[in-house]
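Q: Please take a close look at one part of this model and walk me through it slowly, since I am new to reading structures. I would like to know what surrounds that part and what it borders.

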Amino acid sequence: MKILLVSWSILPNKGGSSIIVENLAKNFSDTEMIVLGSRQWMQHTPANRPKGIAKFLYFFSELYFFGRGYRYFIWFRKWRFQPLVKKIKQIISEEKITHVIGVYPNPFYCHAACIAARAMNIPFSSYFHNTYIENIAITDPKAPAIQAEIFENSQYIFVMSKGMQRFYEEKYQLKKFIPLVHTFDEFPDDSTLTGIPGEDKKHYKLVAIGNFNESNMDATRRLVEAIKNNPKYSLSLFTHVPKVLLRNRGLDVEAIDYQGFVSPDEVHEKLQDYDICVLTHGFTGGYGAVEYKTIFPTRTIPFLLAGKPIFAHSPSGSFLNDFILENKCAELVDKKDTQGIIEGLDKIANNEVYQKELVKASKKTAELFYGKKVVQKLKDTLSQTQKITNEIDL
């Protein structure tokens, strides 16, 4: 079996999907997986990767100025669609690919992978990190037809969580949705952990990481408003989102310690300088109710591995909340209540026993995302497809 994973977003492009793809690919050798992703104009330096993992290839499909302007160059992306399909076909042939997986978010690469695999008579599966047509931010009138084509041609439709699986099965009445969760490749050594903060400190340093946009901005704003005049708590933000954009999105940037971008390899070390990890998840915004219900933040995993207590501000009824409540791995505030946020933080800060319980639960929960276990399930699933294909060929 040899897999071609086609994803618009791969490192060094920033974002949650790039990290998901990277961590998954680390568990495959270059004889087992090829990854094809987008390259921007004038971007020639690939990510620095360890030897022996999946081979990464790049396709020039993006025009940006200073890293921005995605929506202004849709015409260019459309112009590059057929060359991308041709490139995928070429890789299938040259690398003797036996299964193609197309990744969403971003229908461009996923759809191209679907078309190319079908043309080459190769089994195809899709991998949805988020919902597509259910997201009200998606305005392309062709989106329903594209998703229908991808769903129809997918032998398996991998999704981010059991909650997302349940939602899709109920809506589409299909039995080919399979959870393929975020992964990490190794547990941090205990010697790298600086421990819990303990109770009754005068000041607790909070930390949040990742992309701050419509998926979580309302909850992040509320958290900042709750703590900004409270001397007991301060918040540091590690994100690739420029400070000016955070301000434009309504965040009081003067009330936070803005740290800018941190690479995935550095996150664990950075988290050791803080007392409590903060996970904010959108209640409302520009994505629509279904998207807020089904999103599972990528940054959850490094928090689970950090050896620090986790505080989550996330809406009732979301799959993230179900996950937290099931695993008891974070203190959860699920109401739009600034006083409730302070009370939740105080519950952690004032109770060392509770801190230890959260950290212990987080470590156990992290095992669900261990790359070798997750990837073995993926290989076993795709092997069934390969077996059926071989039987048909005979």
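A: Gln165 has a relative accessible area of 17% in this predicted model, and because buried means under 20%, Gln165 counts as buried. This residue lies in helix α6, and, leaving aside its neighbours within four places in sequence, Gln165 is in contact with Val159, Phe177, Ile178 and Pro179.

Gln165 can then be placed within its helix, which runs over residues 162-172 and in which Gly163, Met164, Gln165, Phe167 and Tyr168 are buried. An α-helix has 3.6 residues a turn, so residues three or four places apart point the same way. The cover over the buried residues of α6 includes three strands, namely β5 (124-128), β6 (157-159) and β7 (177-179), and it also includes the helices α5 (143-153), α10 (289-294) and α12 (319-327). After the helix comes Gln173, and the phi of Gln173 is positive, near 55°.

The helix also takes part in the second largest pocket, which holds about 670 Å³ of space. The elements that each give two or more residues to the lining of this pocket are α6, β7, α12 and α15 (371-393). The lining is made up of 24 residues, and those that lie nearest the centre of the pocket are Ser161, Lys162, Pro179, Val181 and Leu368; Pro179, named here, is also one of the contacts of Gln165. Sorted by class, the residues lining the second largest pocket are 13 nonpolar, four polar and seven charged.

How values were computed: Residues numbered from 1 in each chain as written. Predicted model: local features only at pLDDT ≥ 70, side-chain atom pairs only at ≥ 80, totals over all residues. Heavy atoms only, no water. Buried < 20%, exposed > 50% of the residue type's maximum accessible area, 1.4 Å probe, protein only. Helix = DSSP H or I, 4+ residues; strand = E, 2+ residues; numbered from the N terminus. Contact = heavy atoms within 4.5 Å. 1 Å grid on protein atoms, 1.4 Å probe; cavity = no way out; pocket = protein on both sides within 12 Å on 5 of 7 lines; lining within 4 Å. Points joined across faces, edges and corners; volume = space filled by probe spheres on them. Nonpolar A, V, L, I, M, F, W, Y, C, P; charged D, E, K, R; others polar.
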